[in-house]
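Got the viewer open? Here's a short tour, one selection at a time.

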Amino acid sequence: MYQIMTKAPLVVPAICLIAGILTGHYCPTTITTAMVVLASLTAVALLCGRCPLWQHTAIALAITAVGVVLITASQHTPASEPGVLDRSRTYFLQQREQLLERYRDMNISGEEYATVAAMTLGDRHGLPEELRDAYNTSGAAHVLALSGLHLGIIYALLSLLTVGRRRRIVTQVLIILSIWGFALLVGLPPSIVRAATMLTVLGLLQLGNRDCLTLNVLAFAAIIMLCLSPSSLFSVSFQLSFLSMLGIILFYRPLYDLLPPAFLQQHGLAKWAWGMTCVSIGAQAGAAPLVAYYFGNFPMLFLLTNFIVIPAITLILYLSLLALLLPFLSLLPLALATVTGWLNATLRCVADIPWASISGLTPSCTQTVATYAAILAAALLLKKMRRTSPSFS
């Protein structure tokens with residue numbers, strides 16, 4: 001744990017900020033009191049320069065006080081006139097409506113239209129309840145809500161289209177602007193903002209050929225989002241987005257290294273399948289306790305489902321982009337509707353399997369926290385085994 005904190009120094013400030021927001025939310029105080037406490041702790045931190053332990057403690061408590069100030073200020077700040085961001089979001093949402101209209105003009109209708117609209121533009125209003133249940137039961141609900149998966153696919157496509165370009169800085173800036181343009185287009189949901197922030201930091205670090213620890217980038221994204229909107233911490237979407245990504249960061253590499261690198265290099269298909277398996281297990285480890293707490297179910301077939309939906313959603317995103325860019329090719333909307341219809345039918349079949357999902361779960365808050373503590377312990381144990389066992393090397 002100490003090694004993780006040392007390599008990812010932003011983790012501690014992020015935890016302190018979260019603790020402060022929770023304290024200010026459940027133990028409300030006045031903004032004046034919170035500011036006085038923050039000023040006092042800042043002064044103590046400045047005066048304790050010769051005692052690192054006391055100084056670090058005061059800094060941690062001061063960051064916690066910042067969290068209290070932020071959530072208290074957000075609760076007592078009156079509604080103001082729409083700012084630049086609000087006007088930009090309104091403009092981009094209007095553009096989204098035009099794109100949705102273009103989907104309808106392609107004769108994509110019914111469940112196919114509702115699914116494509118949800119997966120590509122984040123509009124889930126037309127999804128039938130029965131289809132939502134099928135996605136939830138099969139473990140594919142994450143593809144209906146725009147997330148880092150969708151943004152990662154778009155980022156990979158843009159990077160592929162610009163590979164080999166000489167002006168790396170201009171190219172990377174254009175990719176980042178495109179990513180944030182898409183985030184605005186779909187209404188800036190927390191999962192997309194988190195992914196866009198992380199991709200922005202990673203892209204900028206790549207320009208300097210610098211290595212970066214993803215855990216540190218995740219903490220940085222959390223700090224930025226919580227400083228701008230501290231109430232986001234209580235959003236289920238925010239929690240699921242960050243915890244699923246945290247699960248991937250903690251479990252992917254230790255699990256991936258269980259198989260010998262030589263074997264994976266020699267078998268490309270096995271490498272792809274094992275990589276997807278490790279990502280799926282990591283994401284499920286991060287999100288499953290929270291899904292059980294909020295929604296009372298656990299999808300048993302999430303591994304099988306991910307092998308179906310990830311290639312399908314990649315194809316749907318690419319076909320959607322081509323259909324919007326090349327409207328004169330009538331084959332593209334037909335292919336898009338066919339792939340989407342096949343995906344919906346397949347997930348219904350998976351959801352109809354009697355043991356596809358465990359439902360009726362009612363874990364308490366304490367049980368959920370204890371489950372996450374056990375998952376963290378398992379991740380640290382895997383990391384230690386990877387460091388000490390020759391089979392991991």
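Start by selecting K271, which sits in helix α14. Keep in mind as you click around that this is a predicted model. Is K271 buried, partly exposed or exposed? With a relative accessible area of 33%, K271 is partly exposed, because that class runs between the 20% and 50% cut-offs. Now show its contacts: setting aside neighbours within four places in sequence, K271 is in contact with Y256, L264 and Q265. For a sense of scale, draw a distance from K271 to S138: the two are 133 residues apart along the chain, and their C-alpha atoms are separated by 24 Å.

**The second largest pocket**

Stay with α14 for a moment, since α14 (268-295) is one of the helices that each supply at least two residues to the lining of the second largest pocket. The others to colour are α1 (2-7), α2 (11-26), α11 (214-228), α12 (236-256) and α17 (365-388). To centre your view, select I18, L233, L243, L246 and Y372, which lie nearest the middle of this pocket among its 37 lining residues. The volume comes out at about 1300 Å³. What is the lining made of, in terms of nonpolar, polar and charged residues? Colour by residue class and you'll get 33 nonpolar, four polar and no charged.

**Aromatic pairs**

Next, show the rings. The structure holds eight aromatic pairs. Take Y293 and Y294: their ring centres are 5.2 Å apart and their planes sit at 75°, so this pair is edge-to-face. Both tyrosines are partly exposed, Y293 with a relative accessible area of 35% and Y294 at 34%. Then hop over to F298 and F302, where the ring centres are 6.3 Å apart and the planes are at 65°, so this pair is edge-to-face too. Check the surface here as well: F298 is partly exposed at 23% relative accessible area, whereas F302 is buried at 12%. Before leaving, add F295 to your selection along with Y293 and Y294, as ring pairs link these three into a cluster.

**Helix α8**

Now pick out α8, residues 148-161. How far apart should its end C-alpha atoms be? With 14 residues at 1.5 Å a residue, the helix should span 20 Å, and the model agrees, with the ends 20 Å apart. If you're redoing that arithmetic, multiply 1.5 Å by one less than the number of residues. Show side chains for the buried set: G148, H150, L151, I153, I154, Y155 and L157. What do they pack against? Colour α6 (110-121), α9 (168-185), α10 (190-207) and α15 (302-325), and you have the partners of those buried residues.

Zoom in on G148, which belongs to α8. Not counting residues up to four places away in sequence, G148 touches S191, R194 and A195. For another ruler check, S159 lies eleven residues from G148 in sequence and 16 Å away, C-alpha to C-alpha.

**Helix α6 and the glycine after it**

From α8, move to one of its packing partners, α6. The helix has twelve residues, and its first and last C-alpha atoms are 16 Å apart, close to the 16 Å expected at 1.5 Å a residue. Is α6 mostly covered or mostly open? Mostly covered: nine of its twelve residues are buried. Select Y113, A114, T115, V116, A117, A118, M119, T120 and L121 to see that buried set. Straight after the helix comes G122, with a positive phi near 75°.

**Two loops with positive phi**

Finish with a pair of backbone oddments. Go to the loop between α5 (84-105) and α6 and select N107. Its phi is near 65°, a positive value in a residue other than glycine. N107 is exposed, with a relative accessible area of 69%.

The last stop is L188, in the loop between α9 and α10. L188 is also a non-glycine residue with a positive phi, in this case near 55°. Where N107 is exposed, L188 is buried, with a relative accessible area of 16%.

Note on methods: Residues numbered from 1 in each chain as written. Predicted model: local features only at pLDDT ≥ 70, side-chain atom pairs only at ≥ 80, totals over all residues. Heavy atoms only, no water. 1 Å grid on protein atoms, 1.4 Å probe; cavity = no way out; pocket = protein on both sides within 12 Å on 5 of 7 lines; lining within 4 Å. Points joined across faces, edges and corners; volume = space filled by probe spheres on them. Helix = DSSP H or I, 4+ residues; strand = E, 2+ residues; numbered from the N terminus. Nonpolar A, V, L, I, M, F, W, Y, C, P; charged D, E, K, R; others polar. Buried < 20%, exposed > 50% of the residue type's maximum accessible area, 1.4 Å probe, protein only. Contact = heavy atoms within 4.5 Å. Phe/Tyr/Trp six-rings, centres within 6.5 Å; stacked < 30°, edge-to-face > 60°.
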